[in-house]
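User: I am new to reading protein models and would like a close look at one part of this one, the aromatic rings and what lies around them. Could you walk me through it slowly?

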Amino acid sequence: YLISPDSKYLVNSKNSDYLKYNPSNLEVLAVVTSSNVGKFNSFKSFDVSLRNNGTFEKVGNFTDLPTKEARLRLENALRKQVVDFKDNKYFFKPRIVVKLKTSGLAYRKDKPSLRDVRFITVMNDMYASDCTSIQEMEEY
């Protein structure tokens, strides 16, 4: 948003004439459904899915976790849920529920995608059926 209508927007510069606005962060419950393999057979990134008419549809991924302990706990839980491995990618049963923060849902090539996904925590007390649905996200 421009504060002064006569100001110019300059990329990568700070200016008191305009203000950047970020929408409030939404909390989403999703399931981890796959992961790319990194070095030493560790998980590189985690693909997450939301409910969509009785199935789960991939809507994004995250790579960073707050601590090494959080990454280790998530990896250990996921190793018990592996159903397939092909093309350097693990596929999991949709059992591990995670809480994420996102700035919203966007559509790219008619496929839903979460924007600015950040991992918060693993939700050990939740089931996959408790996950947020794509239809619920569209209401925001």
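Analyst: Happy to help; we will begin with the chain as a whole, turn to the rings, and then visit a helix and some loops.

Please keep in mind that this is a predicted model. The chain has two helices and nine strands. If you trace these elements along the sequence, you meet them in the pattern β-β-β-α-β-β-β-β-β-β-α. Of the 140 residues in the chain, 36% are buried. Take the contacts between residues at least 6 apart in sequence: 53% of them join residues at least 24 apart. As for the surface, the chain exposes about 9,600 Å², and carbon and sulfur atoms supply 48% of that area.

Now for the rings. Searching the whole structure turns up seven aromatic pairs. In one of them, the ring centres of phenylalanine 43 and tyrosine 90 are 5.3 Å apart. Why is this pair called edge-to-face? The planes of phenylalanine 43 and tyrosine 90 stand at 85 degrees, so the pair earns that name, since the label applies to planes over 60 degrees apart. It is worth finding these two residues in the sequence as well: phenylalanine 43 belongs to strand E2 (residues 43-52) and tyrosine 90 to strand E5 (residues 89-92), so that the pair links distant parts of the chain, 47 residues apart.

Tyrosine 90 also pairs with phenylalanine 85. Here the ring centres are 4.7 Å apart and the planes meet at 50 degrees, so this pair is tilted.

Are the residues in these two pairs buried or exposed? Phenylalanine 43 has a relative accessible area of 3%, so it is buried, because buried means under 20%. Tyrosine 90 is buried too, at 12% relative accessibility. Phenylalanine 85, at 41%, counts as partly exposed.

Stepping back, you can see a wider group: Phe43, Phe46, Phe62, Phe85, Tyr90, Phe92 and Phe119 form one aromatic cluster. Phenylalanine 43 has a charged companion as well, for arginine 79 lies over the face of its ring, 4.7 Å from the ring centre.

The number 79 also takes us to helix H1, which covers residues 68-79. Its 12 residues reach 16 Å from the first C-alpha to the last, close to the 16 Å expected at 1.5 Å a residue. Within H1, Ala70, Leu74, Glu75 and Leu78 are buried. Looking down the axis of H1, you would find its buried residues within an arc of 130 degrees, so they line one face of the helix. Lys68, Glu69 and Arg73 are exposed on the other side of H1.

Let us return to strand E2, where lysine 44 lies. With 54% relative accessibility, lysine 44 counts as exposed. Leaving out residues up to four places away in sequence, lysine 44 touches Ser35, Asn36, Val37, Gly38, Thr63 and Arg71. You can also compare lysine 44 with aspartate 64: they are 20 residues apart in sequence, and their C-alpha atoms are 9.2 Å apart in space.

Next, the loops. Most residues other than glycine have a negative phi. Aspartate 87 is not a glycine, yet it has a positive phi of about 55 degrees. You will find aspartate 87 in the loop between strand E4 (82-86) and E5, and at 75% relative accessibility it counts as exposed. Lysine 109 is not a glycine either, and its phi is positive at about 50 degrees. Lysine 109 sits in the loop between strand E7 (104-108) and strand E8 (111-115), where it counts as exposed at 81% relative accessibility.

One last stop is the loop between strand E9 (118-122) and helix H2 (134-138), which holds threonine 132. Threonine 132 is buried, with a relative accessible area of 12%. Which residues are in contact with threonine 132, apart from its neighbours within four places in sequence? They are Val28, Leu29, Leu50, Arg51 and Met137.

If you want one picture to take away, start from phenylalanine 43: this residue is buried, its ring pairs edge-to-face with that of tyrosine 90, and arginine 79 lies over its face.

Technical notes: Residues are numbered from 1 along each chain as its sequence is written. This is a predicted model: local features need pLDDT of at least 70, side-chain atom pairs count only at pLDDT 80 or more; totals for chains, interfaces and linings use all residues. Side-chain values use heavy atoms; hydrogens and water are left out. Rings of Phe, Tyr and Trp (its six-membered ring) pair if their centres lie within 6.5 Å; planes under 30 degrees apart count as stacked, over 60 as edge-to-face and the rest as tilted. Helices (H or I, at least four residues) and strands (E, at least two) are DSSP runs, numbered from the N terminus. Buried means under 20% relative accessible area, exposed over 50%, partly exposed in between (1.4 Å probe, protein chains only). A charge sits over a ring if NZ of Lys or CZ of Arg is within 6 Å of the ring centre and within 35 degrees of the ring normal. The expected span of a helix is 1.5 Å times one less than its number of residues. The arc is that of the directions from the helix axis to the C-beta atoms. Contact means heavy atoms within 4.5 Å. Accessible areas come from the Shrake-Rupley method with a 1.4 Å probe; for residues, only the protein chains shown count as cover.
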